[in-house]
Every structure is written in C-alpha cells, then in structure tokens.
Amino acid sequence: MEKYNNWKLKFFTIWAGQAVSLITSAILQMAIIFYLTEKTGSAMVLSMASLVGFLPYAVFGPAIGVLVDRHDRKKIMIGADLIIAAAGAMLAIVALYMELPVWMVMVVLFIRSIGTAFHSPALNAVTPLLVPEEQLTKCAGYSQSVQSISYIISPAAAALLYSVWELNAIIAIDVLGAVIASITVAIVSIPKLGEQVQSLKPNFLREMKEGIVALRQNKGLFALLLLGTLYTFVYMPINALFPLISMEYFNGKPVHISITEIAFASGMLVGGLILGRLGNFEKRVLLITGSFFIMGASLVVSGLLPPSGFVIFVACCAVMGLSVPFYSGVQTALFQEKIKPEYLGRVFSLTGSIMSFAMPIGLILSGFFADRIGVNHWFLLSGILIIGIAIVCPMITEVRKLDLK
C-alpha cells in the first residue's frame with residue numbers, strides 16, 4: 001500500500017489543475033461557437049467544428065492508446081496540455097494582427113482535439129496508479145462533479161467574456177488553464193509501470209490487438225461496453241435536441257434553452273457528489289441499471305408532456321443529469337479496477353473511439369426521425385429504448401458477475 005501514501009493529496013492536486021483547465025477550455029469552446037456563428041451564420045460550419053472536435057478521437061483513438069501505454073503517462077499528460085496551450089497561443093497571436101479565418105480556427109480545434117485524445121485516456125489510466133481500488137468509484141464521482149461545474153459555468157462565463165473581450169483574451173485564459181494543469185501534473189509523483197512493458201519491441205498492430213484482447217477477455221466489461229455504445233447511440237443526440245424541443249415544442253425562447261442546460265448540468269453535479277459519497281457501495285451493476293432506467297423514464301415523461309409542460313420538462317432535465325454519473329463514473333471505475341494498468345491507455349482510447357463513432361451516427365438518425373415524427377415523440381421513443389437497455393443489463397450473467405471481487 002506504500003504507493004498509495006498521500007493518495008488524496010496527489011489525486012486532488014492533479015484534479016485541481018484539471019478543473020481549471022476543463023473550465024477554461026469549456027469557456028473557449030463556447031466562445032469559438034459564438035465567433036463562428038457571428039462570423040458565418042452557417043449551420044454547416046458549426047457542424048464541421050463539432051465534427052473536428054471529436055473525429056480525431058474516433059479515428060486515431062486505438063493508435064493513441066498504444067502510445068499512452070508505451071510511454072510515461074505523466075509526460076504524455078503534460079505534453080498534451082502544452083500542445084493544447086501552444087495551439088491556443090498561436091491563434092491568440094494571429095488574432096492580434098488580423099481577423100481569424102475560419103480555416104485557422106478549424107485547424108486549432110483539430111490540434112486541441114488530438115491533445116484531448118491523448119490526455120483523457122492517460123488521465124484515466126493514471127488514476128488507478130494513484131488511488132486505492134476501493135476509492136476509484138468515489139473519485140470517479142468527484143471527477144464527474146468537476147465536469148458538471150464546467151458545463152454550468154462555461155455558457156454564462158463565455159457569453160459575458162465574449163461581450164466585453166476580444167476572442168484572443170479568452171484564448172489567453174485557456175492557455176493559462178492548460179499551463180496550470182501541466183504544473184499540477186508535473187509536481188505530483190506518479191508511479192511508473194513495470195520496466196518489462198517499456199522494453200518490449202514496439203509493434204503498433206500487435207499492441208492495439210492486445211488492448212482489444214484485454215477488453216474482450218473480461219466478458220462482463222465487454223458486454224457493458226456494447227450496452228454503453230447502444231445507450232450512447234440513443235442518448236447522445238438528445239443533448240443536441242434540447243434547443244429544438246425547448247423552442248419549437250414548448251414554444252420557448254433562447255433563455256429556455258439555457259434553463260434546460262443548467263438544470264441538466266446541476267443534476268449531473270449533484271449526481272457526481274452523491275456518487276462521491278456512495279463510493280464504497282458494492283452493487284455497481286445496480287447503480288448502472290438504475291442510471292439507465294432513470295434516464296429512460298425521464299425521457300418518456302418528457303415525450304408525453306403537453307406543450308404547456310415546460311416546468312416539468314426542466315425537472316426531467318435535472319433528473320436526467322442526476323443519472324449520468326451513475327453510469328459513466330461507475331463504468332470508468334470498473335474499467336480501472338478490472339483491467340491491468342499496462343492495458344488501460346489502450347482500453348480507454350478504444351472505448352472513447354467507439355463512443356465517438358456512435359455519437360454522430362446517432363445524431364444523424366435522430367435528426368432524420370425527429371423531423372418526421374416530431375421531437376417530442378423522439379424523446380418518448382428514446383426513453384423506451386433506454387428502459388429496454390436497463391431491463392437487459394442485469395439479465396446478462398457476465399455483467400452481474402462484475403460485482404464479484
């Protein structure tokens with residue numbers, strides 16, 4: 001247990017830096033959306049910006065996972081943060097001398113996305129090297145809370161800063177956030193993996209395959225990943241449809257969209273804090289099943305509401321947010337617990353890649369069906385499908401076995 005000495009200080013030092021970086025990045029992301037909207041007014045440009053944001057993870061994820069497992073994860077996290085900072089700094093300098101062209105904003109978004117694709121699996125793979133196994137679920141809950149705070153703060157902060165500052169000043173804040181995150185990682189001592197992992201002759205394809213094999217060998221985690229992919233496919237588009245249902249079905253204004261987003265993020269914050277307190281609860285499959293069921297039920301209720309039911313819809317949004325950490329946080333902790341540390345970079349990159357592919361396909365399908373059957377009916381249908389996933393989840397024997405030590 002010697003390597004877990006002062007684990008709380010180490011974990012929360014790293015996460016304090018990550019919290020600052022996460023919030024400044026979310027503010028910049030929103031400010032860039034404002035900038036592109038103001039400059040082009042094009043839905044296609046905004047869609048392209050969104051695509052550039054997740055495509056690198058989807059396409060390069062498995063290869064990036066090999067590099068994360070092959071090299072010092074501490075250096076990878078610092079390097080990724082500094083690359084994100086350098087790309088932002090370049091944009092800020094150019095903005096001093098000229099109006100930023102859209103193509104340059106896209107290139108910087110792409111570089112930032114590559115940095116994130118390295119950083120996220122490295123951070124998730126480092127956590128079990130710092131945190132005792134029985135505390136992983138608790139730490140996943142607190143991590144989700146930090147994410148939620150960034151979702152709550154960023155839209156309002158970005159709107160305020162964008163109205164009083166130039167874009168390059170907001171970029172400078174994000175660069176500072178990335179530098180702070182690098183410093184907090186640099187000052188924490190992170191245990192290295194055994195030398196035998198580093199001494200193997202590099203072979204990209206073989207190492208990618210090893211990550212897939214490590215995941216497939218744990219049939220419960222693999223089944224959970226398949227259910228999670230289906231869940232992502234159905235649920236992720238719902239976030240994109242909040243503005244549509246708020247304004248078109250409930251006859252709202254832009255402020256109503258903000259209310260639903262803040263309700264969702266606030267629910268997610270509360271859910272993350274509850275998970276942090278419940279961290280030692282052993283029935284993790286029950287938590288995941290409950291999360292699916294609560295999400296599905298909230299969507300069903302939302303889909304059945306009359307156009308005058310906006311207040312109830314806001315309550316449903318808060319409940320949806322509340323349910324999220326009990327799936328994503330608990331699943332992250334299960335992966336950290338059940339997969340050997342030397343494979344975690346590849347496994348997290350692979351799962352991130354699969355989820356990133358599921359999102360756009362789900363978005364395209366949901367947009368197609370929501371236009372034809374009505375956005376409220378799509379919420380209802382999505383809710384029924386997710387309740388179906390909740391029913392199937394505990395019926396899979398291998399998934400149930402995940403609760404066994």
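**Figure 1. Glu398 and Lys401, a partly exposed salt bridge.** Glu398 has a relative accessibility of 30%, so it counts as partly exposed. The model shown here and in the other views is predicted. Lys401 is partly exposed too, with a relative accessible area of 43%. The two side chains, Glu398 and Lys401, meet in a salt bridge with an N to O distance of 3.7 Å. By the rule used, the model holds three salt bridges. Side chains of opposite charge can pair when their charged atoms come close.

**Figure 2. Arg112 and Asp174, a buried salt bridge between helix 4 and helix 6.** The closest N and O atoms of Arg112 and Asp174 are 2.4 Å apart. Arg112 belongs to helix 4 and Asp174 to helix 6 (residues 167-187), so the pair ties together parts that are 62 residues apart in sequence. Are Arg112 and Asp174 buried or exposed? Both are buried.

**Figure 3. Glu337 and Arg284, a salt bridge between helix 13 and helix 11.** Here the closest N and O atoms are 3.0 Å apart. Glu337 sits in helix 13 (residues 325-338), and Arg284 in helix 11 (residues 284-304). The pair therefore ties together parts that are 53 residues apart in sequence. Glu337 is buried, as is Arg284.

**Figure 4. The largest cavity, lined in part by helix 8 and helix 14.** Rolling a probe the size of a water molecule over the atoms shows where empty space is left. By the rule used, there are two cavities of 30 Å³ or more. The largest cavity encloses about 40 Å³ of space. Its lining consists of Pro62, Met208, Gly211, Ile212, Arg346 and Leu350. Helix 8 (204-217) and helix 14 (344-373) are the elements that give two or more residues to this lining. Which helix gives the largest share of the lining of the largest cavity? Helix 8 does, with three residues. By class, the lining has four nonpolar residues, one polar and one charged.

**Figure 5. The second largest cavity, with lining residues from helix 1 and helix 4.** The volume of this cavity is about 30 Å³. Phe11, Ile14, Trp15, Leu123, Val126, Thr127 and Leu130 line the second largest cavity. Helix 1 (7-40) and helix 4 (102-130) each supply at least two of the lining residues. How many residues make up the largest share of this lining? Four, and they come from helix 4. The lining divides by class into six nonpolar residues, one polar and no charged.

**Figure 6. A nonpolar patch on the surface.** The patch is formed by Met44, Met48, Leu51, Leu55, Val59, Phe60, Phe110 and Phe357. Together these residues have about 710 Å² of accessible area. Helix 2 (residues 43-70) provides the largest share of the patch, six residues. Phe110, another patch member, is placed in helix 4. The relative accessible area of Phe110 is 35%, so this residue is partly exposed. Patch residues need over 30% relative accessible area, and Phe110, at 35%, meets that cut-off.

Note on methods:
Residues numbered from 1 in each chain as written. Predicted model: local features only at pLDDT ≥ 70, side-chain atom pairs only at ≥ 80, totals over all residues. Heavy atoms only, no water. 1 Å grid on protein atoms, 1.4 Å probe; cavity = no way out; pocket = protein on both sides within 12 Å on 5 of 7 lines; lining within 4 Å. Points joined across faces, edges and corners; volume = space filled by probe spheres on them. Nonpolar A, V, L, I, M, F, W, Y, C, P; charged D, E, K, R; others polar. Patch = residues over 30% accessible without salt bridge, like charges linked within 9 Å, V, L, I, M, F, W, Y side chains within 5 Å. Areas by Shrake-Rupley, 256 points an atom, 1.4 Å probe, with all protein chains shown as cover. Salt bridge = Lys/Arg side-chain N within 4 Å of Asp/Glu carboxyl O. Buried < 20%, exposed > 50% of the residue type's maximum accessible area, 1.4 Å probe, protein only.
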